[in-house]
Amino acid sequence: MRLRNDQEIEIFAPATVANLGPGFDIMGMAIEGAGDRLLIQVRPGDSLSIRNESEVSLPSDIEKNVITPALRAMLQAWGGTLAIEIVILQKIRPGSGIGSSSASSAAAVVGLNELLGRPFGEKELITFAMEGERLVSGGTAHADNAGPAIAGGILLIRGYDPLDYIRIPVPARLCTAVIHPHITVNTLDSRAVMRREIPQRDAVTQWGNVGGLVAGLLTADMGLIGRSLKDVIAEPYRKHFIPGYDPLKAALARTEGVLGSNIAGSGPSVFALCDGPQAAAAAGAIMTRHFGHLGIEADLYVGPVAERGAYVIR
Ligand code: HSE
């Protein structure tokens with residue numbers, strides 16, 4: 001077993017917006033301003049402890065923590081054992097829709113990889129982090145949060161068997177506004193309300209929009225990005241979890257420079273893609289006012305797409 005000389009690391013992984021409109025389970029982007037911060041310590045042995053020092057309450061049973069299956073998958077691939085202590089210093093609230101689970105598992109696997117001297121590449125790290133998603137999603141290990149939490153930027157997951165993803169270039173003017181209202185939507189519940197079978201007409205609409213969104217991002221065609229930010233698979237079923245979703249979306253659609261909006265991941269967070277920082281600030285103001293009027297506390301994140309995935313702080 002070879003470990004880095006320093007056997008302690010502090011690591012950050014960003015919040016992420018999965019689905020990005022039409023890309024249910026296959027598109028996601030990393031955002032600035034929110035994420036998870038972990039302290040990881042390792043020594044020879046065979047144990048795992050996770051201590052939560054963040055402001056967010058979490059189950060104390062480590063079997064219910066997404067970090068556990070992610071690290072187990074990684075250690076199994078590594079072929080050794082370690083005594084690992086994790087301290088959660090900062091945490092996105094679970095059930096937020098901005099990739100709370102994947103930020104923890106991404107930080108854990110990227111941090112441990114550093115301590116081990118980087119035996120694994122980016123794609124392997126994403127597959128380990130996906131095991132955390134499996135725990136909270138009822139058995140589906142999707143990569144649309146875990147991928148961008150590790151790689152940064154905007155990812156298209158082309159396939160899962162095996163994992164194949166493409167990093168899509170982000171147009172320079174593209175900005176985001178993401179609001180996280182303080183209500184909880186469980187990923188499992190949010191997946192349960194969706195249809196299991198999709199009529200052909202909806203499938204055609206959806207894959208047209210996924211292709212349009214990717215083409216719009218690649219060619220920096222803001223109009224095309226906006227026209228493609230439509231989802232007939234998840235949004236119609238999940239919007240009921242979000243108070244006043246339709247009027248909020250309509251207000252955003254009327255705002256100059258706002259290309260489109262949709263539900264972030266499984267909700268309740270809502271995101272808008274915008275042409276430039278001013279439009280993103282305007283979208284953020286509308287979102288804040290919306291939840292303020294409803295008496296729901298909310299956190300707002302406005303900025304560019306986070307180009308950097310999980311990184312070492314010290
Ligand atoms: N793609 C996932 C979903 C992201 O929409 O259910 C949330 O984990």
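Helices here are DSSP runs of H or I with at least four residues, numbered from the N terminus. With that in hand, let's walk through this predicted model, starting at helix H1. Directly after H1 comes Gly79, a residue with a positive phi, near 85 degrees. The helix itself covers residues 67–78, 12 residues in total, and its end-to-end C-alpha distance of 16 Å is close to the 16 Å expected at 1.5 Å a residue.

Much of the interest in H1 lies in what it hides. Ile67, Thr68, Pro69, Ala70, Leu71, Ala73, Met74 and Leu75 are its buried residues. They pack against a mixed set of elements: strands E2, E3 (47–52) and E4 (83–90), together with helices H2 (100–115) and H3 (122–136).

Met74, a member of H1, is a good residue to zoom in on. Its relative accessible area is 0%, so Met74 counts as buried, the cut-off being under 20%. Setting aside neighbours within four places in sequence, Met74 is in contact with Val109, Leu112, Asn113, Leu116, Phe120, Leu125 and Phe128. For a sense of scale, pick Val232 as a second point: Met74 and Val232 are 158 residues apart in sequence, and their C-alpha atoms are 36 Å apart in space.

Now let's step back to the domains. The domain assignment splits the protein into domain 1 (8–168) and domain 2 (174–304). Taken over C-alpha atoms, their centres are separated by 24 Å. To the contact between them, domain 1 gives 30 residues and domain 2 gives 37 residues.

Next comes helix H6, which runs over residues 200–219. H6 has 20 residues and reaches 28 Å from first C-alpha to last, close to the 28 Å expected at 1.5 Å a residue. Ala220 follows H6, and its phi is positive too, near 55 degrees. Buried in H6 are Ala203, Gln206, Asn209, Val210, Gly212, Leu213, Val214, Gly216 and Leu217. The partners they pack against are strands E2 (27–43), E5 (154–160), E6 (163–168) and E7 (174–181), plus helix H7 (222–228).

Which residues does Gln206 of H6 touch, beyond those up to four places away in sequence? They are Gly21, Pro22, Lys230, Asp231, Val232 and Ile233. With Asp231 there is also a polar contact, side chain to side chain, at 2.9 Å. Gln206 has a relative accessible area of 7%, which means that this polar residue falls under the 20% cut-off and is buried.

Finally, let's visit the ligand. The residues around the ligand are Ala18, Asn19, Phe24, Asp25, His142, Asp144, Asn145, Thr187, Arg191, Arg238, Gly265 and Ser266. Some short polar distances stand out here. On the oxygen side, one ligand oxygen atom is 2.8 Å from an N or O atom in the side chain of Asn19, and a polar side-chain atom of Arg191 lies 2.7 Å from an oxygen atom of the ligand. On the nitrogen side, a polar side-chain atom of Asp144 sits 2.6 Å from a nitrogen atom of the ligand. How much of the ligand's surface does the protein bury? Taken alone, the ligand exposes 260 Å², and the protein buries 96% of that.

Terms used
Residues are numbered from 1 along each chain as its sequence is written. This is a predicted model: local features need pLDDT of at least 70, side-chain atom pairs count only at pLDDT 80 or more; totals for chains, interfaces and linings use all residues. Side-chain values use heavy atoms; hydrogens and water are left out. Helices (H or I, at least four residues) and strands (E, at least two) are DSSP runs, numbered from the N terminus. The expected span of a helix is 1.5 Å times one less than its number of residues. Buried means under 20% relative accessible area, exposed over 50%, partly exposed in between (1.4 Å probe, protein chains only). Contact means heavy atoms within 4.5 Å. A residue is near a molecule or strand if one of its heavy atoms lies within 4 Å of it. A polar contact is a pair of N or O atoms within 3.5 Å; within protein, one must be able to donate a hydrogen and the other to accept it, and residues adjacent in sequence count only if both atoms are side-chain atoms. Accessible areas come from the Shrake-Rupley method with a 1.4 Å probe; for residues, only the protein chains shown count as cover. Domain bounds come from an automatic or database domain assignment.
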